[in-house]
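Let's take a friendly walk through this structure. Have the sequence and the 3D view at hand as you read.

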Amino acid sequence: MIYLDNAASAPVHPRALAAAMPFITENFANPSSVHTPGREARLAVIAAREQCAAALGALPEEIFFMSGGTESDNLAVFSALSVHHKRKIVTTAIEHPAVLNACSELERRGFEVVQISPDSEGVIHAEDIAAAIDDNTALVSVMTANNEIGTLQPVAEIGELCRRRGVLFHTDAVQAVGNIPLDMRELPVDMLTVSAHKIGGIKGAGLLYVRKGAPITPMIFGGGQERGIRSGTENVAAIAALGAAITEVCRDIPERCQKLSRLRDMLIEKLEKIPNSRLNGSRSERLCSNVNFSFSDIDGEALVMTLDLMGVCASTASACSAGKQHRSHVLAALGLDESLLDGTLRLTLSDNNTEEEITAAADIIAECVANQRGQSVI
């Protein structure tokens with residue numbers, strides 16, 4: 001099997017699994033309990049918080065554990081409720097559904113939501129964000145790297161303008177963590193989203209970085225865990241795994257990115273040889289692990305299923321949208337021709353992939369595309 005769907009869920013890192021196992025097989029105690037097993041579980045949560053903070057250049061008290069990226073994005077967006085007398089949110093047309101649908105809910109409650117469109121390569125321009133901000137703006141939310149086309153956004157520039165205008169700034173960094181450096185001591189963001197299973201952790205954990213002093217409104221109420229921001233018994237095993245995974249994935253980002261970029265560019269070069277193909281997203285401002293292509297006159301869902309039968313795991317778009325009978329809102333925002341919208345393939349890499357796998361996958365994709373078109377392989 002050649003696994004090229006790492007943006008949907010990455011392999012669990014061995015050290016993340018090792019960190020989680022004691023709290024699955026041995027210590028099942030509640031971390032709020034005062035007995036010895038409970039205190040040990042609490043110490044594991046504290047240690048993971050310190051690991052996450054160190055990896056992001058943050059303070060431990062700025063890390064809030066969540067159930068994953070969706071909850072983190074929702075909490076960040078609903079922080080707009082904390083900014084009194086301001087009822088406007090500025091975001092983009094290519095955000096993850098966790099942001100867009102949360103914004104839609106606030107719009108239903110009376111907020112004004114402005115979606116900024118990208119250019120043809122999927123890049124959001126800071127001047128367009130600046131033009132949309134006014135005195136009524138509570139929050140700006142722009143993802144660091146797009147989950148479908150891998151385009152990197154100028155979040156530092158956008159964060160600076162938000163800071164100058166006194167507006168909260170959130171970025172979904174789910175796909176960016178471990179692929180580009182993220183240092184909260186330098187990056188001007190108020191909130192940042194991370195998901196564990198995208199970086200070698202276990203499903204069921206994530207975090208929201210909240211800059212000290214930034215307003216935040218809880219959405220879940222109960223026993224007051226996570227300093228009252230996210231009540232509910234902590235998922236100790238998944239949190240411990242997250243701490244280990246983020247430490248590993250952020251250990252040597254330049255070296256990791258160099259390797260993945262080489263594989264990415266190799267795959268792009270091979271797929272560009274397929275007739276009537278199009279690389280989606282920016283060629284230069286792009287995640288080192290992302291390749292997104294559209295092929296004219298191709299059914300993307302059928303292509304993914306055929307690839308699966310031939311041992312290649314891929315996706316058409318975001319796994320969060322897979323199986324839904326609608327076209328990618330991201331590709332639509334790029335202005336893709338109708339003939340390309342349905343024939344999209346997202347291929348995302350990990351440290352486990354090899355040159356041999358890339359070559360084999362490209363050959364299989366070319367064969368499948370040709371077969372679906374009723375052509376011979378070139």
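## Around L56

This is a predicted model. Start at L56: setting aside neighbours within four places in sequence, L56 is in contact with I63, L182, D183, M184, L192, V194, L207 and I246.

## Two nonpolar cores

L56 also belongs to the largest nonpolar core, which has 67 residues. Along with I129 and V140, L56 is among those with the most contacts inside that core. Which helix gives the most to this core? It is α8, spanning residues 236-249, with a contribution of eleven residues.

There is also a second core, separate from the one above, made up of 31 residues. Among them are M266, F295, L349 and I365.

## A three-stranded sheet

Now turn to the sheet. Three strands form an open sheet in the order β9-β10-β12, and their pairing is antiparallel. Which strands stand at the edges? They are β9 (277-279) and β12 (344-348); each has a single partner strand, so one side of each is left without a neighbour in the sheet. From one strand to the next, the twist averages 25°.

Look more closely at β10, residues 290-295: five bridges join this strand to β12, and the two run antiparallel. As one example to find in your viewer, N290 has T348 in β12 as its bridge partner.

## The helix on the sheet

Finally, which helix packs on the sheet? Helix α9, residues 253-271, does so, touching β9, β10 and β12. The direction of α9 makes about 10° with that of β10.

Terms used:
Residues are numbered from 1 along each chain as its sequence is written. This is a predicted model: local features need pLDDT of at least 70, side-chain atom pairs count only at pLDDT 80 or more; totals for chains, interfaces and linings use all residues. Side-chain values use heavy atoms; hydrogens and water are left out. A nonpolar core is a set of buried Ala, Val, Leu, Ile, Met, Phe, Trp, Tyr and Cys residues joined through side-chain atoms within 4.5 Å. Buried means under 20% relative accessible area, exposed over 50%, partly exposed in between (1.4 Å probe, protein chains only). Helices (H or I, at least four residues) and strands (E, at least two) are DSSP runs, numbered from the N terminus. Contact means heavy atoms within 4.5 Å. Two strands pair if DSSP finds at least two bridges between them. Axes are lines fitted to C-alpha atoms, for helices over the stretch in contact, and angles run from 0 to 180 degrees between N-to-C directions.
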